[in-house]
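This report describes one protein model in plain terms. Please keep the sequence and the structure in view while reading.

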Amino acid sequence: MITTMPQKTTEISTVDALWVLIQSQTKAVRKALVERMLAEQSKTTAQQTMVKESLTRAFDELHSGKVHHDARNIFK
């Protein structure tokens, strides 16, 4: 009589799996990944700063009374 044992399934999170893959790469590849991630973070920070400055300027104009148009029609 042959019996089979049920397989144990071990779940690993996506982040943990990615971390294992990154750790197994060469130092040059890991360095390139870090540089790319920092470049992307820099772009994101620059975009966030631009949006913040734009909104700040828009609210300053609104509060100072310089804006008199109906904002509902701004994109028509």
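The sections below move from the overall fold to individual residues.

## Overall picture

The model is predicted. Its secondary structure consists of 2 helices and 0 strands. The accessible surface of the protein amounts to about 8,000 Å², and carbon and sulfur atoms account for 61% of that area.

Of the 76 residues in the protein, 0% count as buried. A residue must have under 20% relative accessible area to be called buried.

## The helix α1 and the loop

Helix α1 covers residues 14-23, and Ile22 is located within it. Ile22 has a relative accessibility of 24%, so it counts as partly exposed. Leaving aside residues up to four places away in sequence, Ile22 touches Arg30 and Leu33. Ile22 and Leu33 are 11 residues apart along the chain, and a distance of 8.7 Å separates their C-alpha atoms.

Gln25 is found in the loop between α1 and α2. With a relative accessible area of 33%, Gln25 is therefore partly exposed. The side chain of Gln25 reaches back to the backbone oxygen of Leu21, at 3.3 Å.

## The helix α2

Helix α2 runs through residues 27-64. Does its length fit what is expected, and what span should its 38 residues give? At 1.5 Å a residue, the expected span is 56 Å. The C-alpha atoms at the two ends of α2 are 55 Å apart, which agrees with that value. The calculation multiplies 1.5 Å by one less than the number of residues, because this is how the expected span of a helix is defined.

Just after α2 comes Gly65, which takes a positive phi of about 85°.

## A salt bridge within α2

How many salt bridges does the structure hold? There is 1 salt bridge in the structure. The side chains of Glu40 and Lys43 meet in a salt bridge, with a distance of 3.4 Å from N to O. The pair qualifies because the cut-off for such a contact is 4 Å.

Both Glu40 and Lys43 belong to helix α2. They are 3 residues apart, which is about one turn of the helix. Glu40 has a relative accessible area of 42%, and it is therefore partly exposed.

## A nonpolar surface patch

Which residues make the nonpolar patch on the surface? The patch is made by Val51, Leu55, Phe59 and Leu62, and its area is about 370 Å².

Leu62, one of these residues, lies in helix α2. Its relative accessibility is 45%, so Leu62 counts as partly exposed. This value fits the rule for patches, because their residues must have over 30% relative accessible area.

Methods:
Residues are numbered from 1 along each chain as its sequence is written. This is a predicted model: local features need pLDDT of at least 70, side-chain atom pairs count only at pLDDT 80 or more; totals for chains, interfaces and linings use all residues. Side-chain values use heavy atoms; hydrogens and water are left out. Patches are made of residues with over 30% relative accessible area and no salt bridge: like charges are joined within 9 Å, nonpolar side chains (Val, Leu, Ile, Met, Phe, Trp, Tyr) within 5 Å. Accessible areas come from the Shrake-Rupley method with a 1.4 Å probe; for residues, only the protein chains shown count as cover. Helices (H or I, at least four residues) and strands (E, at least two) are DSSP runs, numbered from the N terminus. Buried means under 20% relative accessible area, exposed over 50%, partly exposed in between (1.4 Å probe, protein chains only). Contact means heavy atoms within 4.5 Å. A polar contact is a pair of N or O atoms within 3.5 Å; within protein, one must be able to donate a hydrogen and the other to accept it, and residues adjacent in sequence count only if both atoms are side-chain atoms.
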